[in-house]
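Open the model in your viewer and keep the sequence panel beside it. This tour goes stop by stop: select, look, move on.

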Amino acid sequence: MKKLVSALVYTALSFGAIAAAPAVWADLAAAAELREGDMKKLIFRDPPKPVSNAAFFLADDAGEATLEDYQGKYVLLNFWATWCAPCRKEMPQLSELQGEFGGDDFEVLTIATGRNSPTGIKKFFDEIGVDNLPRHQDPKQALASQMGIFGLPITVLIDPEGNEVARLRGDADWASDTAKAIIATAIGQTTPN
């Protein structure tokens with residue numbers, strides 16, 4: 001009898017959780033349906049997974065932060081390095097995405113992981129003409145390690161509650177119409193800012 005009651009309570013709670021789920025999940029499901037080309041590599045998580053709370057260093061010796069500091073908005077988190085050729089190709093595209101969608105609801109967050117000097121990072125951004133993305137660092141790879149980042153680049157879509165909802169391994173054309181449509185749909189925007 002105890003097992004039956006437990007099963008009924010669990011079932012009721014499950015249905016309540018589904019009914020209470022925000023429209024966010026519908027937006028993510030719709031975004032997943034848009035994948036084509038490079039974006040086919042974007043894998044949506046079901047269920048979403050909480051992200052790490054490991055600290056990383058802010059650019060220009062501005063202190064430390066965690067991903068928790070970015071809750072309340074969607075974040076497209078890109079792990080990269082100055083020596084990574086695909087990162088060099090991808091970073092201007094991420095910059096374009098930030099320029100079109102960045103704001104109160106969405107931000108592209110770039111974190112150089114491993115040995116990347118602040119001077120080298122600044123030079124990298126200057127050479128590729130990117131000035132609207134952060135130059136944060138994870139030199140000891142604490143955040144990258146806790147998030148299972150092996151190989152670069154890897155880009156993770158994080159929801160406003162701080163959960164990983166999608167991940168793309170390798171580079172992709174983040175300035176493509178498909179990528180922009182996926183981001184707009186995922187974050188519930190009909191047009192870029």
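In which loop does Asp 61 lie? Select Asp 61 and look to either side of it along the chain: the loop runs between strand 2 (56–57) and strand 3 (64–65). Asp 61 is exposed, with a relative accessible area of 80%. Its phi is near 55 degrees, a positive value in a residue other than glycine.

**Confidence**

This is a predicted model, so colour it by pLDDT before going further. The chain averages 87, and 84% of the residues score at least 70. Now select residues 1–22. Here the pLDDT is below 50, and the stretch has zero contacts in the model beyond near neighbours in sequence. Where pLDDT is low, the predicted coordinates should not be read in detail. Hide this stretch if you like, and carry on.

**Strand 4**

Select residues 74–80, which are strand 4. Seven of its seven residues are buried. Show the side chains. On one side are Tyr 74, Leu 76, Asn 78 and Trp 80. On the other are Val 75, Leu 77 and Phe 79. Both faces are covered.

Next, add strand 5 (106–113). It runs parallel to strand 4, and seven bridges join the two. Look for Tyr 74: its bridge partner in strand 5 is Phe 106. Add helix 3 (85–101) to the selection. Strand 4, helix 3 and strand 5 make a right-handed β-α-β unit.

Which way does strand 7 run against strand 4, parallel or antiparallel? Select residues 154–158 to see: strand 7 is antiparallel to strand 4, with five bridges between them. Leu 77 has Val 156 as its bridge partner there.

**The hairpin and beyond**

Keep strand 7 and add strand 8 (163–169). These two strands form a hairpin with four residues between them. In the turn, pick out Gly 162, whose phi is positive at about 90 degrees. The two strands run antiparallel and share five bridges. One pairing to find is Ile 158 with Glu 164.

Strand 8 is largely enclosed by the rest of the structure, since six of its seven residues are buried. Now add strand 1 (42–50). Strand 1 and strand 8 run antiparallel, joined by five bridges. Phe 44 stands opposite Ala 166.

**The cores**

Select Leu 76, Met 91, Phe 106 and Trp 174. These residues have the most contacts inside the largest nonpolar core, which has 37 residues. Helices and strands both feed this core: among those that supply at least two residues are helix 2 (24–33), helix 4 (118–128) and helix 6 (177–186), along with strand 1 and strand 8.

What does Trp 174 touch? Show its surroundings: among its contacts are Met 39, Leu 42, Leu 76, Leu 94, Leu 168 and Ile 183. Polar residues are on the list too, including Glu 90, Gln 93 and Lys 180.

A second, separate core has 18 residues. Select Ala 54, Leu 67, Val 75 and Ala 144 to find part of it.

**Helix 4**

Select residues 118–128 and look down the axis. Which residues of helix 4 are buried? They are Ile 121, Phe 124, Phe 125 and Ile 128. Because they cover an arc of only 95 degrees around the axis, these four lie on the same side of helix 4. An α-helix has 3.6 residues a turn, so residues three or four places apart point the same way. Turn to the other side of helix 4: Thr 119, Lys 123 and Asp 126 are exposed.

Now show what covers the buried residues of helix 4. The cover includes strand 4, helix 3, strand 5 and strand 6 (136–138).

Stop at Gly 120, also in helix 4. It is partly exposed, with a relative accessible area of 24%. Add Ala 81, 39 residues away along the chain: the two C-alpha atoms are separated by 9.8 Å. Then step to Gly 129, which follows helix 4 and has a positive phi near 75 degrees.

**Backbone details**

Select Asp 46 and Pro 47. The peptide bond between them is cis, with omega near 10 degrees. Pro 47 is in strand 1. Another cis bond joins Leu 152 and Pro 153, with omega about -5 degrees. Pro 153 sits in the loop between helix 5 (142–146) and strand 7.

Finish at Gln 141, in the loop between strand 6 and helix 5. Its phi is positive, near 60 degrees. At 40% relative accessibility, Gln 141 counts as partly exposed.

How values were computed
Residues are numbered from 1 along each chain as its sequence is written. Side-chain values use heavy atoms; hydrogens and water are left out. A nonpolar core is a set of buried Ala, Val, Leu, Ile, Met, Phe, Trp, Tyr and Cys residues joined through side-chain atoms within 4.5 Å. Buried means under 20% relative accessible area, exposed over 50%, partly exposed in between (1.4 Å probe, protein chains only). Contact means heavy atoms within 4.5 Å. Two strands pair if DSSP finds at least two bridges between them. A crossover is right-handed if, with the strands pointing away from the viewer, the path from the first strand over the helix to the second runs clockwise. pLDDT is the predictor's confidence in each residue, from 0 to 100. The arc is that of the directions from the helix axis to the C-beta atoms.
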